[in-house]
Structures are given as structure tokens and as C-alpha cells.
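Let's go through this one by asking how each label is earned. Have a look at the sequence and the structure, and then we'll get going.

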Amino acid sequence: MLALSVAAFLGLFALDAFDAGPSAAAWRDFGAHLLPALLVVLIAGAGWKHPWLGAIGFGVLAGGYALAVPHRVDWILVISGPLAVVAALFALDALSGRRLG
């Protein structure tokens with residue numbers, strides 16, 4: 001559930017594509033800006049059945065974003081922070097060995 005909340009949060013950033021108003025280019029940019037949220041949903045889906053995939057996937061996303069914007073600590077905390085928390089929760093689930101589904 002937290003992973004889907006992170007995806008929704010990232011999806012909000014796609015709305016900046018409409019700063020200049022709706023147009024064909026704005027819709028194209030909106031779709032492109034939704035790709036990170038889609039990636040988060042796909043990793044969450046994979047992690048649902050295989051928690052290690054979720055832990056690794058979210059860890060890579062958190063680390064990759066942090067490496068992409070090393071000069072913006074505030075962005076790293078806001079974007080990579082929740083991704084890292086979700087990665088840690090998937091890792092704890094994988095380490096517990098207890099499966100509910």
C-alpha cells in the first residue's frame with residue numbers, strides 16, 4: 001500500500017506538464033512524466049509475490065535518483081527517502097520468511 005502511495009505521489013509531478021496549458025505536447029510530456037510512477041507500480045507488483053524483487057527494485061530506484069541529483073539534498077530526501085523506506089520494508093518482509101498470500 002505504501003508503494004502505491006509513493007507511485008501516486010510521483011504521479012503528481014507529471015501535472016507540471018500542463019504549466020503552459022493543455023496541448024498535444026503537454027499530453028505527450030504528461031505521459032513521459034508518468035513513467036516513473038508506472039515503474040514504481042510495476043516493481044510493487046513484482047515485490048508483492050517476490051519481496052526481494054521489491055527490495056532490490058526500490059533500492060535501485062532510491063539510489064539511482066540520489067546519484068542523478070547529488071546537488072539537491074532536498075529532492076533526494078523527498079523522492080529517494082520514501083523509495084528507500086519501501087525498499088527496507090520489502091527487505092524486512094523477505095527476511096521474515098513469512099508469506100501471507
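Q: What share of the 101 residues in the protein chain is buried?
A: This is a predicted model, and in it 31% of the 101 residues are buried. To earn that word, a residue needs a relative accessible area under 20%.

Q: Which elements make up the chain, and in what order do they run?
A: Going from the N terminus, the pattern is α-α-α-α. That gives 4 helices and 0 strands. The C-alpha atoms fill a box of roughly 50 × 30 × 15 Å along the principal axes.

Q: How much of the contacts with a separation of 6 or more comes from residues 24 or more positions apart?
A: Such pairs account for 54% of those contacts in the protein chain.

Q: What makes up the surface that the protein chain exposes?
A: About 6500 Å² is exposed, and carbon and sulfur atoms supply 76% of it.

Q: Which residues form the nonpolar patch on the surface?
A: Phe9, Leu12, Phe13, Leu15, Val73, Leu77 and Val78 do, with about 670 Å² of accessible area together. The elements giving two or more residues are α1 (2–12) and α4 (73–96). α4 gives the most, with 3 residues.

Q: Why is phenylalanine 13 called partly exposed?
A: Its relative accessible area is 42%. Partly exposed covers the range between under 20% and over 50%, so phenylalanine 13 gets that label at 42%. You'll find phenylalanine 13 in the loop between α1 and α2 (24–49).

Q: What about valine 78: why is that one called partly exposed?
A: Valine 78 has a relative accessible area of 41%. That value is neither under 20% nor over 50%, so valine 78 counts as partly exposed. Valine 78 is found in helix α4, and its C-alpha atom is 24 Å from that of alanine 46, 32 residues apart along the chain.

Q: Why does phenylalanine 18 count as partly exposed rather than buried?
A: Its relative accessibility is 21%. Buried means under 20%, so phenylalanine 18 misses that label and counts as partly exposed. Phenylalanine 18 also lies in the loop between α1 and α2. Leaving out residues up to four places away in sequence, phenylalanine 18 touches Ala26, Trp27 and Phe30.

Q: How do you know that aspartate 29 and arginine 28 form a salt bridge?
A: Their closest N and O atoms are 3.5 Å apart. The cut-off is within 4 Å, so the pair qualifies. Side chains of opposite charge can pair when their charged atoms come close.

Q: Is arginine 28 buried or exposed?
A: Arginine 28 is exposed, because its relative accessible area of 56% is over 50%. Aspartate 29, at 28%, is partly exposed.

Q: What makes aspartate 74 and arginine 72 a salt bridge?
A: The closest N and O atoms of this pair are 2.9 Å apart. That is within 4 Å, so the pair counts as a salt bridge. Aspartate 74 is partly exposed at 40%, and arginine 72 is partly exposed at 28%.

Q: How many salt bridges turn up in the whole structure?
A: A search finds 2.

Q: How far apart are the mean positions of the positive and negative charges?
A: The mean positions of the 5 positive and 5 negative charges are 16 Å apart.

Technical notes
Residues numbered from 1 in each chain as written. Predicted model: local features only at pLDDT ≥ 70, side-chain atom pairs only at ≥ 80, totals over all residues. Heavy atoms only, no water. Buried < 20%, exposed > 50% of the residue type's maximum accessible area, 1.4 Å probe, protein only. Contact = heavy atoms within 4.5 Å. Areas by Shrake-Rupley, 256 points an atom, 1.4 Å probe, with all protein chains shown as cover. Lys, Arg positive; Asp, Glu negative; His and termini not counted. Charge placed at Lys NZ, Arg CZ, Asp CG, Glu CD. Patch = residues over 30% accessible without salt bridge, like charges linked within 9 Å, V, L, I, M, F, W, Y side chains within 5 Å. Salt bridge = Lys/Arg side-chain N within 4 Å of Asp/Glu carboxyl O.
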